[in-house]
Structure formats: C-alpha cells, structure tokens
Amino acid sequence: MRAGFRNPMTSIKVRQQLILLFLILVIPTFLLQWYGNNRAEQILKRHVTNAYVELNKQNHTLIERDIDTVNRITTTIIQNPTTQQLIPRESDTVIQRVRKYDKMDKLLAAYSTPLNGGEAVYYSLYIYDPNDYYFFAPKLQVTPSGVYFFNKANKPAWFDAAVEKRGQGFMRITESNDMLLKRQTLAYVRAVYTTSEGHGVIGVLIATKMEKKIGESLQSVELPGSEIYFTDTDNKVLASNETGMMGTTLSLPENVYLGKGEARPIMTGDYIYVMHENETSQHRLIYKIPVKSLLQQQNELKRVIQFISIGYALFGCILIVYFWRSLMRPLQKLASFVRGYEPGRRVPETPGGGRNDEVGVLIAAMYDMARRLNVLIHNNYKMEIKQKENQLQILYQQINPHLLYNTLESIYWKSSLEGKSESAEMIKELSKLMKISLSRGRELITLAEELEHAAAYVHLQLKRYDYDFQVIWSVPAEMMHHLIPKVTLQPLIENAILHGVRHMGEDGEIVISAAYEEDKLLIRVEDNGYKEVDYKSIEDLLNEEPSNPSPLGYGIRNIHQRLRLHFGNLYGIHYSKRGGGGTIVTIVLPAAIEMGEQSDVYDIGR
C-alpha cells in the first residue's frame, strides 16, 4: 500500500509548492478573521440593540407622561368656572361678555408659560358663536394662545373630529398663526363640554407647540447619527429630531410587525429599527439607527485586526521571497544547467561559491562533475584522433613500399633494354613521384599536386611499356586548390591501365575529370576497357570491416578507408559501368576549400 502511494506535491514545480504553502498559511487566517468579525458584529448588534429597546421604552414613557401632563392641564382648564361660564348667551350684556373673555384669555395665558426653562405649550380655546355675541373678539389667531370665536363660515377643520371624540384628547398636525405667519404645529386637541347645562359643547381646547415639548424628550436621548420619530399608527411623523419631517409618512421595512406594547429591533442591511407602540394613545416611537455608527468602534477594532493580518501576509511574502532567492533560485539555475548541459561544452564558473550548506555542496559537486566529464571527453577525443593518425600512418607506410618496388622494377628493365639516357629520364620522373609522395609529411595535398604526381606515374608507365593509349586530363583550374589525400589517383590510374586499356593500343583511353555536385567535388577516372567487371564484389570489398580485410583489392580499399577517415562516411570512392564500355571510378570529396584563379583547365600533358 505504501509502495503504491505517490505524493501529489511531486507532480508540480517547487515554485508552485511554495505558493500553495503560502496560501495554506494565509487563507485560514483571513477566514478566521472574517468569521470572528461577523460573530463579533452579530453579538454587538444583539447586545446594543437590546439596550436600545429598553431605552426606547423609557423614552416613550417620558413622552406619554408629557402628553398626559398636557391632558391633565386641559382637564383643569375645562373644569375651571371661567371656562364653564363662557357660553354665548343672549341675556349677557356686552360688558359681561368682555369681562368673561378677558378673564378666560388671562387663564389660558397663565397656563401657556414655560416651566423650568423648558419649551412652552400654548393653549387656545375655540368657541362656536353662531349669533356673533362676541363680535369684539378676534376671529383669527394672532397670538400663540387666546380665545377665539367662530361660526359655520370659519369653523376649523378639526372641530368636528374633536367633537366626535366626546372629550377624549388626540394629537393632530394643524396650522397656527404666529405673528400673522402660518406655520405647522403639533397640537393636542380636546372638546370642551359644559358640566351643568346638559353637557353641551362649549368649544374645543387646543394645545399647540407640542412638537417642541416632545422634541425635548427626543433630544435627551444621545444616539449619534440616528433618527428618532414619534408617529401615529399610520406612521405619520408627529415629531422628530430631524427637521422638515413633521407631517410626512415614514417608510418602514415590510416585515415590521409590532405586538401590543411590544418593542423589538428590526435589522436591515444599513439600519436597525427599534420601535415601541402605545396601544392606548395609538402612538409609536421609532429609532432609526445606522449600522455604521453602531459598529464604529467595532470597525476600528476590525481595521486593527485587518492591518495585523495584512502585516502577517506581507511578512509571509517576504519570507517566501527570501527562501526563494536563497534556496529555490539556485536550485532552479542548477536544474536549468543540468537540462541544457551538453558533454564537451564549456562549464561556467560555479555560482554561489561562498555557500557551505547542502545546496552549495550540491551545486559545487554538480559543476565539478560536469568539468570532470568534459576532461574525460576531451581525453577520449584526443585518443581517437591519435588512433586515426596512427591508422593513416600505417596505411601510408603500406603503400609507399609497394609503389617504390614497382617503379624501381620499371627503371631496371628500361635501363637494361635502352641505355642510360632513357633511364635518366625515368629516374627524373621517379624523383618527382618520390617528392610528391613524401610531401614533407603532409597527409593532405592540393589537387594540383596530386595531378602532378599521377601524371609522373603515367609518363613512367608509357615509357616502360611503349603503350599507345591516350590519357586526357580535364580538371578546371578553380578546383586545383581543393585538398585530397596524397597517392589517391595513382592506384586508380594503375588499375585502369592494367585491367582496362593495356592491350588496346591507340584505342585505349583514360579520362581524368572533375566537377561539382551540390556541396561535393566529384573526381572521375574513366577507361574504355572491354573486360567484364564485377561491380557488386568491388562494393562489398570497399565496405568490409577493417578487422577482417580481404587480400584482394587492397589498393582501392586503402584509398576508400583513407577518404572516410579524413572526411567522414559520406565520402569515398564508387565504381560504376561506363556507357559504351569501360569503368568509371568516382572519388567523392567535400567541396569546402578556397578556389584559386588559374586557367580554365589544368594542362598536365601526356
């Protein structure tokens, strides 16, 4: 089981492993921070909103107490004899009516005085006077408080609603004249009935500026950035700490539901709504608290934690970069060096020479191993070159005695038959042969030198046997500077004479020519001999292994091997049949040498 397990980390690069490790270390930290912040936010919302619920209840109780105080004052005013005597009667004289009006006006002004430095509530009494008995009294409100008489033509809009309540007070937004300027105000409206004459309606008592009184209670609650609304059951704003909101309808979340006397928080994305409803008075107190202000301190703590987390992540990045530069980058360079290393190529200086840790030891050992491998390859290459030179030297040593023997034999027989003058000329040709064969120790000579050597041999043969065959030299001058192994053409010309044209007299012909073919130089030795030649056997002879050579055809196999040792296996000699009879021997050489500037055809002569 263990042997079959494969670590999945080994299938990715080390750089990716480090990035994955960094993410494994950092991501849980941010996840824990996110979870902790959310939990802390929920706990804070729950505890703080519970405190706001209790505060809302107490605040609403204070407001209802203020409204109840106004209600008791209106009861006191209604039960006052001055109020009860203010019934329009035809029997009263004008002086009596003026006195009753003045007394009632002073009573209302007395109750409209602010207490303890707070906001004043102004009381006004509106009496129905269809016969206009109190013609001298103002019909329109001029001062914040006072007594006003009206008939059907100028009856206030809220008069009938107050009568229908049958003495029960209620809150209503009305218009009041303050220094002849009409302004909206929150009023407490209550119908006034007689206590003695059949409980008839005297008028309506109205207490204005209630929004100022309720506003004092709203301002006593410190909720930074929050909005407080005092509304009716239809969410119509009666008072608020926000200016310009009185008389508007408050928009609340759709899921808001308030039970009887219940106060509970409603949370949305941006706000927390804390509401309390008084079933008796049909009033609601609503706190609209921004979540942002509620969580301000918690957000500051959250930012501190975020800064710490970011600092931790940056510190982790610095550590990763440090280990990458000190550990992974040298290993990455080492891997690149190993992948791109080619045996024999120069090895650069070992990087990180001052390191003594395991990485430094590994890098130094790898570079030293590459250098030792280069030394071994270089030594092996030198040994192979030396071996080839020795093989070439042995081949040359095998050829020279053979050539020298045949030449000396020719000189001997010619000297015996014709005399010294002819022998001297042959000796001259022989010296030319010996000079070019030695070539001062050079293994490669120019094609011009090789042609001169071959021409000397042909002259000797013609003088030795009185041959009448023709030798044609057709080699362009621009090819004379190409290199060729020495003693290459002579054995091939010798074979052409012995096995081709020796007995053909003047009909015999040997042609030595040269031509380019792509990147190769082809030198051909052609004869028009009539003997049959086994070309397949010759090809087999040329391609025999050196370890098991055949004694036949030693000369041509020697030439073929020397060409391959010098220039490679793509080069050598090939035998083929000549059109019209005879044989063509093609020497294939590389055409990679500078060409000289001579005549078009090198004239060797006959």
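Helices in this tour are DSSP runs of type H or I with at least four residues, numbered from the N terminus. The model on display is predicted.

**The whole chain**

Begin with the entire protein chain selected. The chain contains 13 helices and 17 strands. Of its 606 residues, 41% count as buried. The surface that the chain exposes amounts to about 35200 Å², and carbon and sulfur atoms supply 55% of that area. Consider next the contacts between residues at least 6 apart in sequence: 62% of these join residues at least 24 apart.

**Helix α1 and a nonpolar patch**

Select residues 14–79, which make up helix α1, and locate Leu31 within this helix. Leu31 has a relative accessible area of 51% and is therefore classed as exposed, since the cut-off for that class is over 50%. Now add Ile19, Leu23 and Ile27 to the selection. Together with Leu31, these residues form a nonpolar patch on the surface, and the accessible area of the four is about 350 Å² in total.

**Strand β1 and a buried serine**

Move to residues 122–128, the span of strand β1, and pick out Ser124. Is Ser124 buried or exposed? Its relative accessible area is 1%, so Ser124 is buried. To display its surroundings, select Leu108, Gln141, Pro144, Ser145, Gly146, Tyr148, Val204, Leu205 and Ile206; Ser124 touches each of these residues, with residues up to four places away in sequence not counted.

**The loop between β1 and β2**

Continue to Phe136, which is situated in the loop that runs between β1 and β2 (146–150). Phe136 is partly exposed because its relative accessible area is 29%, a value that falls between the limits of 20% for buried and 50% for exposed. Which residues is Phe136 in contact with, leaving aside neighbours within four places in sequence? They are Val94, Arg97, Val98 and Tyr101. For one of these, a distance may be displayed: the C-alpha atoms of Phe136 and Val98 are 8.0 Å apart in space, while the two residues are 38 residues apart in sequence.

**A patch of negative charge**

For the final stop, select Asp507, placed in the loop between α11 (489–501) and β14 (509–517). Asp507 counts as exposed because its relative accessibility is 59%. Extend the selection to Asp466, Asp468 and Glu506. With Asp507, these residues gather on the surface in a patch of negative charge.

Key. Residues are numbered from 1 along each chain as its sequence is written. This is a predicted model: local features need pLDDT of at least 70, side-chain atom pairs count only at pLDDT 80 or more; totals for chains, interfaces and linings use all residues. Side-chain values use heavy atoms; hydrogens and water are left out. Patches are made of residues with over 30% relative accessible area and no salt bridge: like charges are joined within 9 Å, nonpolar side chains (Val, Leu, Ile, Met, Phe, Trp, Tyr) within 5 Å. Accessible areas come from the Shrake-Rupley method with a 1.4 Å probe; for residues, only the protein chains shown count as cover. A salt bridge is a side-chain nitrogen of Lys or Arg within 4 Å of a carboxyl oxygen of Asp or Glu. Lys and Arg count as positive and Asp and Glu as negative; His and the chain ends are not counted. The place of a charge is taken as NZ of Lys, CZ of Arg, CG of Asp or CD of Glu. Helices (H or I, at least four residues) and strands (E, at least two) are DSSP runs, numbered from the N terminus. Buried means under 20% relative accessible area, exposed over 50%, partly exposed in between (1.4 Å probe, protein chains only). Contact means heavy atoms within 4.5 Å.
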